[in-house]
Amino acid sequence: MIERTAVIAAAAEQQVPVEIAKLSAPELSVQADSLLGVMSLDVAHGERVLLRARGEGAEQVLETLVQLLEESP
């Protein structure tokens, strides 16, 4: 399983802000580069999440993060 910190670090390296939320509660999004925020979501392994990014390069950022999440066994 990929560590949450890897996703947080990858989000922090991006030039556009990224939000993450549980798919079951999309209105409760947090900044993906916030350790406390991501931990507060209490996402279980295998649970689906929603990623949002806006701005120039957002599509590439999302592709990178999705690939990172999908690599998790």
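## Contacts and the model

Two residues are in contact here when heavy atoms of one lie within 4.5 Å of heavy atoms of the other. That cut-off is the one to keep in mind when reading the neighbour lists below. The structure is a predicted model, so please read each value as computed from predicted coordinates.

## Overall fold

Let's start with the chain as a whole. Its secondary structure consists of three helices and three strands, and their order along the sequence is α-β-β-α-β-α. The radius of gyration is 11 Å, close to the 11 Å that the globule rule gives for 73 residues, so the chain is as compact as a globular protein of that length. Along the principal axes, the C-alpha atoms fill a box of roughly 30 × 25 × 20 Å.

How much of the chain is buried? Buried residues account for 32% of the 73 residues. If we take the contacts between residues at least 6 apart in sequence, 58% of them join residues at least 24 apart.

## Surface and charge

The chain exposes about 4,900 Å², and carbon and sulfur atoms supply 53% of that area. As for charge, there are 5 positive and 12 negative side chains. The centres of the two sets are 9 Å apart.

## The nonpolar core

Which residues touch the most other members of the largest nonpolar core? They are V18, I20 and L65, in a core of 18 residues. The elements contributing two or more residues to this core are α1 (4-12), β1 (18-22), α2, β3 and α3 (58-70).

L65 gives a closer view of the packing. Leaving out neighbours within four places in sequence, L65 is in contact with V7, A10, A11, V18 and L51.

## Two positions in helix α3

A58 is found in helix α3. Is A58 buried or exposed? Its relative accessible area is 9%, and since buried means under 20%, A58 counts as buried. Beyond its neighbours within four places in sequence, A58 is in contact with V16 and A53. The C-alpha atoms of A58 and P17 are 8.5 Å apart, although 41 residues separate the pair along the chain.

T64 also has its place in helix α3, but T64 is partly exposed, at 32% relative accessibility. T64 and Q14 are 50 residues apart along the chain, and their C-alpha atoms are separated by 9.8 Å.

## Strand β1 and the loop after α2

K22 belongs to strand β1. With a relative accessible area of 19%, K22 falls under the 20% limit and is therefore buried. Which residues does K22 touch, not counting those up to four places away in sequence? They are L41, D42, V43, E47, R48 and V49.

One of these partners, D42, deserves a look of its own. D42 lies in the loop between α2 (35-41) and β3 (49-53). Its phi is near 55°, a positive value in a residue other than glycine, which makes this a handy place to inspect the backbone. D42 is exposed, with a relative accessible area of 54%, whereas K22, which D42 touches, is buried.

## Two more buried positions

A25 sits in the loop between β1 and β2 (30-31) and counts as buried at 15% relative accessibility. From A25 to R54, the distance is 20 Å between C-alpha atoms, with the two positions 29 residues apart in sequence numbering.

G37 is found in helix α2, and at 11% relative accessibility G37 is buried too. How far apart in space are G37 and G57? Their C-alpha atoms are 23 Å apart, for a sequence separation of 20 residues.

Terms used. Residues are numbered from 1 along each chain as its sequence is written. This is a predicted model: local features need pLDDT of at least 70, side-chain atom pairs count only at pLDDT 80 or more; totals for chains, interfaces and linings use all residues. Side-chain values use heavy atoms; hydrogens and water are left out. Helices (H or I, at least four residues) and strands (E, at least two) are DSSP runs, numbered from the N terminus. The radius of gyration is taken over C-alpha atoms; the globule rule is 2.2 Å times the number of residues to the power 0.38. Buried means under 20% relative accessible area, exposed over 50%, partly exposed in between (1.4 Å probe, protein chains only). Accessible areas come from the Shrake-Rupley method with a 1.4 Å probe; for residues, only the protein chains shown count as cover. Lys and Arg count as positive and Asp and Glu as negative; His and the chain ends are not counted. The place of a charge is taken as NZ of Lys, CZ of Arg, CG of Asp or CD of Glu. A nonpolar core is a set of buried Ala, Val, Leu, Ile, Met, Phe, Trp, Tyr and Cys residues joined through side-chain atoms within 4.5 Å.
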